[in-house]
Each structure stands twice: as structure tokens, then as C-alpha cells.
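Student: I'd like a close look at the sheet, please. Take me through the strands first, and then whatever packs on them.

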Amino acid sequence: MTFKLVMVIVNAGFSEDVMAAAREVGARGGTIVNARGTARTEAEARYGITIQPEKELVFIVAAQSIVDKLLHNIYEKVGLNTPGQGIAFTLPVDEFVKTKQPKSKELKDSNVKQD
């Protein structure tokens with residue numbers, strides 16, 4: 001299976017809207033990082049939008065088979081013409097490793113000190 005990293009940049013407070021849009025098309029989860037934009041006032045004048053400096057980055061690893069739907073849904077819900085003023089793009093994922101969550105017994109055992 002082929003995967004893509006979908007990266008979304010939105011105004012602060014809109015990352016949950018990104019994740020809701022992603023889940024609607026089958027994405028399972030993502031990572032949210034707080035950030036600060038550096039756009040200049042010329043960009044605001046050129047594109048006719050207000051640039052909010054506080055941003056959130058959302059990283060979603062998604063199967064290639066849902067990426068087009070995912071990008072379209074994100075555009076509809078939090079794109080540049082919405083208060084979220086989001087942009088999204090993808091990067092290829094060359095390798096992917098899933099980490100295994102320990103079962104509750106393994107977790108308990110790993111917290112017990114051995115003498």
C-alpha cells in the first residue's frame with residue numbers, strides 16, 4: 001500500500017476541523033503542531049486575505065487511495081475561502097513503520113522494577 005503525508009496549515013483553532021474533514025473520508029488520526037506564520041503584508045494585499053500569525057500544522061499519514069478525497073474535503077471545510085484559511089499539500093512517504101501499543105499486561109510488566 002502506498003502512503004502520502006498530507007500537511008495542512010490552518011489558522012489557530014481550526015485543526016480539529018481539519019481532523020473532522022479527514023475522518024469523514026477515512027483518515028484515522030493526525031498530529032497537530034502549534035506554529036507561527038511569517039507572511040508579509042504584501043501577501044495579504046495580493047491575495048485579499050488577512051494573515052493570522054498563529055497557525056496550526058496538521059500532519060496526516062494517509063493511504064494514497066483517499067488522498068484526493070481528503071484534500072478536497074479539507075479545501076471545502078477549512079480552505080483559503082473559509083475562516084480557517086488553510087492550505088494543504090502532500091509529500092511522498094518512502095517508508096512507513098507502525099508502532100505496536102503494548103497490551104495492558106505488557107504495560108504493567110514494563111513499569112515493574114526488576115531486582
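Tutor: Let's go strand by strand, then turn to the helices. A quick heads-up: this is a predicted model, in which local features need pLDDT of at least 70, side-chain atom pairs count only at pLDDT 80 or more, and totals for chains, interfaces and linings use all residues. Residues are numbered from 1 along each chain as its sequence is written, and side-chain values use heavy atoms, with hydrogens and water left out.

The sheet is an open one with four strands (DSSP E runs of at least two residues, numbered from the N terminus), and their order is β2-β3-β1-β4, with antiparallel pairing. At the edges you'll find β2 (31–36) and β4 (87–92), each of them pairing on one side only; to pair, two strands need at least two DSSP bridges between them. Going from one strand to the next, the twist averages 25°.

Now look at where β1 (residues 3–11) meets β4: the two run antiparallel and are joined by six bridges. Along β1, V8 stands opposite A88 in β4.

Next come the helices (DSSP H or I runs of at least four residues). Helix α1 (residues 15–24) packs on the sheet and touches β1, β2 and β3 (contact is heavy atoms within 4.5 Å), and its direction makes about 20° with that of β3. Angles here run from 0 to 180 degrees between N-to-C directions, with axes fitted to C-alpha atoms, for helices over the stretch in contact. Helix α3 (residues 64–78) lies across β1, β3 and β4, and runs at about 10° to β1.
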